[in-house]
Amino acid sequence: MNAWAVIVAAGRGERSGLSQNKVFFEYDGRSVLSRCLDAFAASAQVGGAVLVLSENDRPAYEELCRREGACPLVRTIVSGGATRRDSVYNGLCAVPADAEVVAIHDAARPFVTGAIIKVTLDAARQYGSGVISTPVIDTIKQIQPDGKVTTVDRETLRAVQTPQSFDYHKIMNAHRMAQADGLAVTDDAMLYEYYYGNLRLVTAEGAERNRKLTTKADFEALGGAKFPELRVGQGYDAHRLKEGRKLILCGVEVPHDRGLDGHSDADVAVHALMDALLGAVGGGDIGKHFPDSDPAYKGISSMKLLDHVMALLCKQGWRVVNVDVTIVAQKPKLAQYIPQMRKNIADALQTEAVNVKATTTEHMGFEGEEIGISAQAVCLLGK
Ligand code: CTP
Ligand code: MG
């Protein structure tokens, strides 16, 4: 039997809030429209498809074909109309006259499966129509004209989707009659039931997932809708070891014969971390925010400066996803102080995703020769 598909994609997708027609929206590397066409091509249920597009979207479709590959099932592209019904009608007119059944499908339903397509076409062949539907899960209330609320028996209700498949000549006829009668409908099944009465509803596994992408939330739920804003940053610092100074690392005073020299408490690890955080948001570096020419910062705890940096980030809407800090020191052994260092940083950053580690350089370089201590930090921030 000769089966065709009419895929309507000529809407504007206004409720999605996207800057382009929602059918071109891409998630996990493939657009909504291509996913629909893929499902029809893979099902091997139809001999060809008519794609209904608005004139404005032709360039976007050509670009999509270049990027994702043109679907060989699409034999004809026709222009859409002002309403969905007009678009379907234009599509039906382009289906070859020898078609026996036709599956009409919203391009905004990318979760359609081969099983769904088949069950609707089989019913269309046997009964003249086959419309995919699901039981209604919510309890539905009806408001009577006098304002009284009543409950509708849920068992008698079905929610219908697309594909909606029909005997081609019957649905074509129904559309022509509806044009003449000026009948306003929201789907093709309404036309069929209006003119022929005996609409056939079918269901299939996966129908409950065959939802139409309509609102902003629908697209956000896809994950790819808005790529989360993520930023990485890295920081590095080194200070000289000097007698008569305390050794402060990640806010912990570590017993040692010397400490790090600097204008503040010279907490080299926190300095590297602050530079990573500022770097991630394009905020310059600690020298710009806390110049060592400013007496206000003389001897100050770097943990206090870290609080300032965090306040700045929070104000811009950033939160820390994770940080990793490496302290490079030949001596002293830092292992026993690391849990407290980690805790100090986790408290300041308000995340548990904090790692602090230490390494020696096997006596090589300025750290290895105990001239100084350096630290490196990387961070990931999210909005
Ligand atoms: N559609 C169409 N021609 C129209 C209107 C809608 O081909 N004049 C198509 C849409 O592209 C979509 C399907 O019909 O695949 C279902 O319509 P809907 O979800 O309402 O999509 P849009 O009209 O694009 O969205 P909105 O109503 O939010 O603007
Ligand atoms: Mg619409």
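This section describes the surroundings of ligand 1, two cis peptide bonds, and several residues in loops and helices of a predicted model.

Ligand 1 takes up the space of the largest pocket. The shell around ligand 1 holds 18 residues, of which Ala10, Gly13, Glu14, Ser87 and Lys212 come nearest. By residue class, this shell divides into 7 charged, 6 nonpolar and 5 polar residues. Polar backbone atoms of the protein approach the ligand at several positions, among them Ala10, Gly81 and Ala108. At Ala10, a polar backbone atom is 2.8 Å from an oxygen atom of ligand 1. At Gly81, the ligand partner is a nitrogen atom, with a distance of 3.0 Å to a polar backbone atom of the residue. At Ala108, a polar backbone atom is 3.3 Å from an oxygen atom of ligand 1. On its own, ligand 1 has 560 Å² of accessible area, and the protein covers 87% of this.

Two peptide bonds that lead into proline are cis: the bond from Thr162 to Pro163, with omega near 10°, and the bond from Lys331 to Pro332, with omega near -5°. The settings of the two prolines can be given by element. Pro163 belongs to strand E10, which spans residues 158-167. Pro332 is placed in the loop between strand E16 (319-328) and helix H11 (338-349).

The loop between E16 and H11 also contains Gln330. Gln330 is counted as buried because its relative accessibility is 14%, and buried means under 20%. A polar atom of the Gln330 side chain lies 2.9 Å from the backbone nitrogen of His363. His363 itself is located in the loop between E17 and helix H12 (365-368). The contact therefore joins a residue classed as buried, Gln330, to one classed as exposed, since His363 has a relative accessible area of 56%. The backbone of His363 has a phi near 70°, a positive value in a residue other than glycine.

A positive phi is also found at Gln350, where the angle is near 55° and the residue is again other than glycine. Gln350 is in the loop between H11 and strand E17 (354-359). With 72% relative accessibility, Gln350 counts as exposed, the class being set at values over 50%.

Two further residues were examined for their environment and for their separation from a second position in the chain. Phe40 is part of helix H1, which covers residues 32-43. The relative accessible area of Phe40 is 1%, so this residue is buried. Phe40 is 106 residues from Asp146 in sequence, and the two C-alpha atoms are 47 Å apart in space. Asn56 is located in the loop between strand E4 (48-53) and helix H2 (58-68). Asn56 has a relative accessible area of 69% and is therefore exposed. Between Asn56 and Asp98, which are 42 residues apart along the chain, the C-alpha separation is 31 Å.

Key:
Residues numbered from 1 in each chain as written. Chains lettered and ligands numbered in written order. Predicted model: local features only at pLDDT ≥ 70, side-chain atom pairs only at ≥ 80, totals over all residues. Heavy atoms only, no water. Near = heavy atom within 4 Å. Polar contact = N/O pair within 3.5 Å; in protein donor to acceptor, adjacent residues only side chain to side chain. Areas by Shrake-Rupley, 256 points an atom, 1.4 Å probe, with all protein chains shown as cover. 1 Å grid on protein atoms, 1.4 Å probe; cavity = no way out; pocket = protein on both sides within 12 Å on 5 of 7 lines; lining within 4 Å. Sits in = over half its atoms within 2 Å of the grid points. Nonpolar A, V, L, I, M, F, W, Y, C, P; charged D, E, K, R; others polar. Helix = DSSP H or I, 4+ residues; strand = E, 2+ residues; numbered from the N terminus. Buried < 20%, exposed > 50% of the residue type's maximum accessible area, 1.4 Å probe, protein only.
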